[in-house]
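I opened my notebook to follow how the strands line up, and what packs on them. Come along if you like sheets.

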Amino acid sequence: MDFIRLLHIEKNNPGTSTGVEWIKSYGAEIESFTPVNGASIASVISTDKEAYNKVVHKAATAFKTWRNWPAPKRGDVVRQMGDALRANKENLGKLVSYEMGKSLQEGMGEVQEMIDICDFAIGLSRQLYGLTMHSERPNHRMYEQWHPLGIVGIVSSFNFPVAVWSWNTAIAWVCGNVCIWKPSEKTPLCSIAVQKIVAEVFAKNHVPEGVSCLIQGDKTVGEWMSHDARIPLISATGSTKMGKALNTAVAARLGKTILELGGNNAIIISQHADLDMALRGCLFGAVGTAGQRCTTTRRLIIHESVYNTFKSTLIAAYQQLKIGNPLQPENHVGPLIDKTAVQHYLHAIDQCVQQGGKFVVPGGIVEGTGYESGCYVKPCIAEVQPNMAIVQHETFAPVLYIMPYKNLEDAIAIQNLVPQGLSSAIITLNLREAETFLSHAGSDCGIANVNIGTSGAEIGGAFGGEKETGGGRESGSDAWKAYMRRQTNTINWGTQLPLAQGITFEF
């Protein structure tokens with residue numbers, strides 16, 4: 001396909017890079033299959049231990065130079081990266097859609113997120129502010145400043161194969177860090193394309209080799225990173241199980257982590273809701289990316305007075321969904337990433353039925369011409385009890401659970417019942433309900449919305465969640481501080497040496 005050729009992806013690709021340079025590796029071959037039709041696209045070579053160590057050494061060397069570039073100059077390089085992404089938006093968006101399976105609109109939107117975070121980082125490069133404090137000692141000045149950490153390791157997931165990397169790198173780079181990226185082994189070609197785009201920009205600006213590094217592989221490569229004391233910070237996106245293992249390893253060496261893990265997100269639909277608005281928000285939240293977003297809407301908590309009305313409207317809307325090739329703009333829902341994901345989807349449906357759930361929109365595999373990959377499934381809806389075991393679990397597929405509630409206190413309790421705490425929303429025109437939901441007594445999630453769905457966060461806000469979602473924050477607001485170390489400085493410009501707390505020390 002033209003977009004693959006234009007992104008300079010070959011049939012067999014080296015998978016290890018320090019920027020412009022591609023390093024020879026003798027790891028296993030990773031073949032990328034598109035879930036669109038099951039075809040093999042191309043392959044990459046995973047990073048072996050020797051190549052991995054070369055990458056880390058190169059990154060550590062580059063950091064010594066890159067950290068001394070003025071932050072606005074680093075920001076200008078990121079600006080040019082944003083321009084390069086604009087020029088490649090259509091081709092990269094198509095590759096994201098083709099390799100991962102999300103709709104073309106969502107593939108384009110993911111690249112737009114990359115462009116947006118570059119724009120954000122440009123301004124940030126002139127705003128890495130520290131505070132000044134008044135000293136209790138005469139003729140003393142206190143202030144704080146922020147320094148880069150060094151190497152930032154990035155472990156990204158298949159569902160956002162390029163955007164999450166950019167959330168981290170754009171910020172980390174303007175802060176003066178260098179980055180090593182291990183993408184999902186399910187979407188390696190997207191990372192190859194991005195690295196080649198970045199390499200062109202970096203070469204024109206004489207950025208040191210090693211500021212943008214790419215490695216490939218399965219969890220073994222991720223384990224090398226998590227145990228590597230040369231990497232002070234690892235930002236990881238994925239399952240809660242993966243995050244716990246990675247966090248344990250990094251914490252054992254007193255490293256830092258940014259974790260964006262599972263989500264089990266709910267929308268509360270009040271009796272005071274605009275039901276048309278609720279329908280739009282719920283529909284995209286539940287079926288966008290075929291339910292493979294960490295912010296996917298997995299639970300609807302609906303007031304009993306509007307429950308039956310809204311359920312009927314939702315069922316009718318599901319009948320209008322078009323499932324098919326994500327590169328065709330008229331289709332709403334593309335495939336799941338692979339057949340393993342399909343099995344997890346079918347298992348969740350089976351468990352839901354066994355635990356007493358009733359499907360009002362049945363699920364199943366879509367078969368026939370155009371669905372030969374076996375990865376297309378039907379978005380489904382089940383009526384459940386909120387404390388059912390399967391409802392507490394995040395199923396990375398378009399399975400939506402609906403349940404009624406009597407009052408707002410109960411709805412919030414149901415919303416907070418699950419172990420995950422990423423995104424949440426309430427649809428209501430009642431100001432008191434909205435403010436209660438956003439108060440200390442409301443949602444316990446890192447993201448809480450009013451009159452919008454759970455998906456579609458903007459890059460300007462810090463992104464992340466609480467509880468088993470990990471507690472980390474990426475992207476906007478002051479998330480940049482996680483990529484830096486704080487240093488408090490005191491300067492004595494007087495002729496005496498008074499001690500703090502009034503202590504005297506004479507000799």
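**Strand partners and packing**

I began with one residue pair: C179 stands opposite S212 in β8. This is a predicted model, so I keep that in mind throughout.

Next I looked up the strands around that pair. Strand β7 (residues 178–182) runs parallel to β8, and three bridges join them. They belong to an open five-stranded sheet with parallel pairing, ordered β8-β7-β6-β9-β10. I noted β8 (212–214) and β10 (256–260) as its edge strands, each pairing on one side only. On average, neighbouring strands here are turned by 15° against each other, direction ignored.

Which helices pack on this sheet? I found α6 (residues 163–174) touching β6 (151–155), β7, β8 and β9 (233–237). The direction of α6 makes about 165° with that of β7. Helix α9 (residues 240–252) also packs on the sheet, where α9 touches β9 and β10. Its direction makes about 175° with that of β10.

Then I turned to another sheet. This one is open too, with seven strands in the order β13-β14-β15-β12-β11-β17-β18 and mixed pairing. Its edge strands are β13 (358–361) and β18 (447–450), and each has pairing on one side only. I wrote down an average turn of 25° between neighbouring strands, direction ignored.

How many bridges join β14 to β15? I counted four between β14 (residues 380–383) and β15 (residues 399–405), and the two strands run parallel. One pair for my notes: C380 has V399 in β15 as its bridge partner.

Technical notes: Residues numbered from 1 in each chain as written. Predicted model: local features only at pLDDT ≥ 70, side-chain atom pairs only at ≥ 80, totals over all residues. Heavy atoms only, no water. Pairing = 2+ DSSP bridges. Axes fitted to C-alpha atoms, helices over the stretch in contact; angles between N-to-C directions. Contact = heavy atoms within 4.5 Å.
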